[in-house]
Structure formats: C-alpha cells, structure tokens
Amino acid sequence: GQVAGGSTNGGGRFSLSVESGNYTFNARYIGYKSVERTIEVKASTDLGEITLEADETAIDEVVVTAQLIRREADRFVVDVANSPIALGKDGEELLKSAPGVWIQDDKVSINGASGSKIYLNDREVKLEDAQLMAYLRSLRADDIQKIEVIPQSGADYDASSSGGIIKITTKRRLDSGLMGSASFQINGAKNLYNLGPSISLNYNRGKVNAYGRAWAGGNGQNYTTEEHTDYTSGTIIDAATDMEERSKWAGGNVGVVYDINDKHSVGAEFQYNYWGYGDNTDTWTEHRINELTTRTDGTYDGTQNSHMYTATANYIYKLDQMGSTLKFIGDYTNSRTPRKNNYYDTEYMFHTPDIMRDSTYRYASDSRYKLATATVALEKVMSQKVILKAGLKYTYNNNANKADYEYLKNEEWLYNDHNSYDIGYTENIGAAYLIATARLGRVSLVGGLRGEYTSFRSADNLVKQDYFDLFPNANVSYAITEDGSYSLVAQYARTISRPSFWALSPNETKISEYMIQRGNPNLKPSYSNSVSVTAVLKYKYTISLGVQIMQNAIQQTTLVDAENPELLILQTINYPTLNNYYASVNLPFQFTKWWSANFNLTAMYMGQRIYPDEPVRRNFMGVANGQMSFTLPKNFFIELDGEYMHGAQAGNTKIRDFGNLNLTLKKRMFDNKLTLALGAQNLIPMKQSITIEEPTFKRVMTASQPWQRFGAKFSISYNFNAGKQFRAKSV
C-alpha cells in the first residue's frame, strides 16, 4: 500500500517522510510517461533529479469540466475562470451570482448579515460602500480566477468580520513575459449613465514579478422621490424631491515581489483611490393641519472629494517543503475627505404673500483617518492531516473630523456654534489567535480561538473604553459517502461589530424639511453568535440552515425628534435584540453541453427589538437570484439573469417587493482574447416603495430611480499575453 505521497512545488521539489527500508517510488504527471524505481531509504536519501518524458500517445485532448459553484469545508467557491456565465461581467455582477451574497444600496452582505468584508488576493479592500462598488465594477471576469464566500470567518481574521468574508483571487499570469487585459464598459437609462475603463498588467522576469492595475469611471443620474406622510394626529405632509448626483473615481495600484531564493521573498505594493461626488437637490414640502397649509421650498447642493493612499510590505519565509510559512505584513492607509454643502430654504403660508422664513446656510467638513496594522502569521504543516496556525496582529486607528456651520444674516456669514464640531478618536487593538486543523478519515475538524484587547479614546477624553474579548470558532465536516460527494458541515463563530466613523459622527445631513440624517456618538459595539449547518449533495447542491443572535445590534432606524414630533431622524442605534434565522439553497445546473444555470434562494425570519421596553417585531423576507447561459455557435453566448427581494425590513422601515430582469448577448473573438457584450437591463421596470411606520406616524415614499428603469449596457475587454504560464505572486 501507499505509505507516503504528495505533489511538488513550483520548482519541482518535494519531500517525503518514511521509516528506513526498501520502497517502490513512482512519479507521474498527465501527458508524461511515469517513472518507477526501487529505492532504499536510509536516514536521509536524496533521489537526485528525476526527468519525465512526454507521452504523446497517452492523450489527444484533455477536456476539464467543473461546476461553477462548489462547497468546501467552510466556504462556497465560485470558479469564475472559463465559465460562460462570467463572460464580460464585472466584479459586482459576479458577486451577485455567489451563494448567499446580497448587494443592496451599495452594501454587500452574506445571508443578510451586515459587516461583510471583501479581500482581493488576501488583502482587505478598505473603501466606503459607494467607493467599494466603483472598485468592484472596475474588476473584470477575465482577471478573476475564483470568488470564495466564507459565511463565518475563522480566528485568523479580525473579530469584527461579523458579516463573513468574500475573497477574490485573480488569475494566473505569465513567466518571463507580459500579460494583461484592458476593458471599457458603459451603461445607461433615462437620466442615468455609467462608464468606466480599466487596465491590468503583470510582468515577470527571473526573480522579479511586477503587477499593476488602473481604473477610472464616472456617472451621472437624477431621480425623483415622492413622499406622503399621514400623522395620526390629523396632520398631513406631502413632499417631493428632485435629486441629481454626479460622481467620478479613479485609482491604481502597483506592486513588486522579489524572490530572494526558494525560501525567502519580499514584496511591496502602493495603491491610490480617488472619489469625487456632487449633488443638487430641489425639494418642496406642504404641511397641512385643518385648513392651514404651509409650503417650504429648498435647494441643497454639495461636493465631496476623497483621497486615499495605501502602502503594504511583506516578507515570507518558507519553513519547509510541506507548505509551512512564516509571514510578516505591514499595512498603512491614509485618507482625507473634505466636503462642502449649501442650503437655501423659503417658507410661506398658502393664500398669503408673506414669507415666514427665508434662510441660507452652509457647512464645510474635513474628515481624516489613519489606519496601520502589523501582523506576524505562522502556518505549520505537521503532516498531511494536521495543520497549526498562530498569529499576532496590532491595529492603530485614528480619526479626526471637523465641521464648520455658518448662516447668512443681513448679507453676513455668522458662525453656528450649536451645529459645528471638532471631534475624533484613537483606537488600538491587539490580537492573538491559534487555529488547529485535523483530517481524520471522513471527519475534518477546524477549531480556533482569537483574543482581542481594545483601547478606545475620544479626542476630548470624554469617552474611554478598554475591554478584552475572546472569539472562538469551530468547523466540523463529515463525509456521508466515501468519495465525499455527500457531506454535512457545521459551523460556529463569535464576532464583534464596531460602529463605523460615519455612524459615530454627529454630522447632520438634511434630506427634507421634515427628515434629517444624523450620526450617533454613543453607539456601542455589537456581539453576535452564529451557528449554521450545511448539507452538500453531489459535491455541488447545497442547503444551509443557520441562526445569528446579536446583542446591541448596530442598525439604522427612523426616529421621531423629541423636540419636534413632525421631524424624523434617520440614525444608527443599538438594538437590544436582533435574531436572524435563515435557510439558503444553491442549485447549479448543467442541463446540456450548451445550457447552464445557477439559482440562489435565501429565506430569513427576523426578530428585532428596537427599544428595550417593547416586544420583539418579527418579519419574513426572501431573496432569489438566478442566471442562465446559452452557448451558441461561432462563440456567441446569450445570458438571462435576474433577482427578486420580498419583505425587506430594517427596524421600522419596510421596502416593497422589487426585482430586475436582464438580457445580454456576448461574443468572443480573436482566439477568445476579445469579448464584446451588449445587454438590456430592467426589462420589467419597477418603482421602489418605502414605508416608515411607528404608532405616531406613517410615511410612505415612492422612489423612481434611474437604475430601476429600462436601460442598455455595452462592454468590451481584451486580453493580451506573451510568455509562458506561471502563477503570479502578489503582496
């Protein structure tokens, strides 16, 4: 029988461990003649160089078939490479096809859990929601090898990864040559356009691997939001808002990895991101009580520019030929976001010419943050069955935020002390973790424990928090059948959600005369315990059942102002209780050689207690999405995709059912290097209806958004290369 085995590394080296004695040694590789010899193993035996000769009679052609989505021990893996469904798509579109992934209002979540993080080549992408979506749209399917969805993160990830991890891995590159891709896409509907070019390059020569990406884009849109509010006291408010938004973005990264020798390598990467934003809003509000009507007209405009710089360096030491490594990683991010807003309001009574109020005011804010991390990570492969991981990480997070409000009186700008602020905070987090992995026949076990100490100080020293927490996680998988085609996976994880700066900042943004958005400096961290069980059928069909129990859940909610009951405040608060029970199904199909499909269905039963002295509010919601791809002659492809959401609710805000349906024609040319895509979006246009309801009021808003209207999309991408294949390295 076999007593030892394995595979070589990229340089063809290998190491096997057996007791002294006589053995038969065999080396084989597809398309080559096997080598077999009798060897005598002593204390240390060097087999020398082994050469395999090509076996041209062994095979004429190799056809590899693999399902688009498969389940591994703790994650779903979406194999993007060579998938007809992935042709011509960007990163955002690919994520929408991944099991359990939701994208709504520029927020990414897994099975409805907030706080999901995205990693590109094992590095976290540190961008705000809208900027993150622009970055994902700059990624092309031609550059992506696979997407991994990890619903419950392990101890080697930050404990703040409460919403799970999404890992994006780029494709293989070339040896001693240049490879890259260039693309351009544009889509639009009435009063909306989006465009974005991007290019990626990878170059290798000897011990040096250099790579880089550059992207840019912009969009413009306007939409109308109509509101109607009916207070139980008899007061009626009608309002309408016309908003025009413009944004532009650009960025790039460049990195170099140098292999000192077979065991040591160093690397460095630098990245820059720019985000520019501007909006113009015209709004009117009519306030009626009995027969008295007051009308308010307002015009608001604002601009924002964000600059982010990120630098990373690493050193990797390969401890042995079994895959053990020691890594040192340093990362630093610096960001600055200045913003300006101007407001003009006029209020008057109907049937009278007198103006009751005429005001002009403005504010300028400046937000800065610095984020630095230092990590040491050890992975020791004890045997083919046992792996140990351990690590230390230090995180420094510093925020500084200032806003100056002014109002115009008698043609003179006067400072508003009440609304102006100058705040900030410093956070230090120290972490240590240990993970053990064991494969025992049909059973695989993964257990981890992470400890984090957090020290938080506000700039004025009025808020001080020091706390230590433990975050265990466990993963058990059992192969029901010997070949593992049917299996069960059980997972548990405890995580933390720390409030973001934008949720903590007391900054106010005016939406209308009767609604504002405001931060909450008193937010507390949220803790969650997540448990799930997944059944895997025939390697690919999956059914998952899970529950996430949260304490002090951080959620955005609409509140009534204590001083003015007619003013609604959109604010993030801590819920005493938030429990999510969910069931998720992933069904990939290959009906015929030319017809493939993938369907994701998720149902969730939510229990929310918004205020401590009220009962739990319960509701059901469901999400479904699917894609079908038809391979036609002459390298043509037709794709039909869509999604539908039912019963979406957050706190006291409900969203009426909505969805979309898209049709795309694709063509590959020039030896599959050029891909053209032309599509129609939102074949069934829908309006969005939002209801905010409490015992004292009910507000219904019907929004006609450009991205919900019928539109068209065109994209073109080209891949170029010169050289031999190898797997590129990145920092």
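Buried means under 20% relative accessible area, exposed means over 50%, and partly exposed is what falls in between (1.4 Å probe, protein chains only). The model here is predicted, so local features need pLDDT of at least 70 and side-chain atom pairs count only at pLDDT 80 or more, while totals for chains, interfaces and linings use all residues. Residues are numbered from 1 along each chain as its sequence is written, and side-chain values use heavy atoms, with hydrogens and water left out.

**Exercise 1. Aromatic pairs**

Task: Work out how Trp 595 pairs with Phe 630, and which parts of the chain the pair links.

Solution: Start with the rule: rings of Phe, Tyr and Trp (its six-membered ring) pair if their centres lie within 6.5 Å, and planes under 30 degrees apart count as stacked, over 60 as edge-to-face and the rest as tilted. The structure holds 18 aromatic pairs. In one of them, Trp 594 and Trp 595 are stacked, at 6.2 Å centre to centre with 20 degrees between the planes. Trp 595 is partly exposed because its relative accessibility is 25%. Now for Trp 595 and Phe 630: they stack too, with 5.7 Å between centres and 25 degrees between planes. That pair links distant parts of the chain, with Trp 595 in strand S29 (residues 595-609) and Phe 630 in strand S30 (residues 617-632), 35 residues apart. Strands (E, at least two residues) and helices (H or I, at least four) are DSSP runs, numbered from the N terminus. Zoom out, and Trp 594, Trp 595 and Phe 630 belong to one aromatic cluster that also takes in Tyr 541, Phe 589, Phe 591 and Phe 599.

**Exercise 2. An open sheet**

Task: Find which strands sit at the edges of the sheet S3-S4-S9-S10-S7-S8.

Solution: Two strands pair if DSSP finds at least two bridges between them. The sheet is open, has 6 strands and shows mixed pairing. Its edge strands are S3 (69-71) and S8 (123-124), each pairing on one side only. At the S3 end, the partner is strand S4 (residues 76-79), antiparallel over 3 bridges. One spot to click on: Arg 71 has Phe 76 in S4 as its bridge partner.

**Exercise 3. The largest nonpolar core**

Task: Say which residues have the most contacts inside the largest nonpolar core, and which element supplies its largest share.

Solution: A nonpolar core is a set of buried Ala, Val, Leu, Ile, Met, Phe, Trp, Tyr and Cys residues joined through side-chain atoms within 4.5 Å. The largest one has 32 residues, and Ile 118 and Ile 147 have the most contacts inside it. Elements that each supply at least two residues include S4, helix H1 (91-96) and helix H2 (129-138). H2 gives the largest share, 5 residues. Contact in general means heavy atoms within 4.5 Å; beyond four places in sequence, Ile 118 touches residues including Leu 95, Val 108, Leu 132 and Ile 168. Apart from this core lies another, of 23 residues, among them Tyr 575 and Phe 658.

**Exercise 4. Two strand residues**

Task: Decide whether Thr 281 and Leu 445 are buried or partly exposed.

Solution: Thr 281 is in strand S15 (residues 264-289). With a relative accessible area of 4%, Thr 281 is buried. Its contacts outside its sequence neighbours within four places include Asp 242 and Tyr 300. Leu 445 is in strand S21 (residues 443-458). At 33% relative accessibility, Leu 445 is partly exposed.
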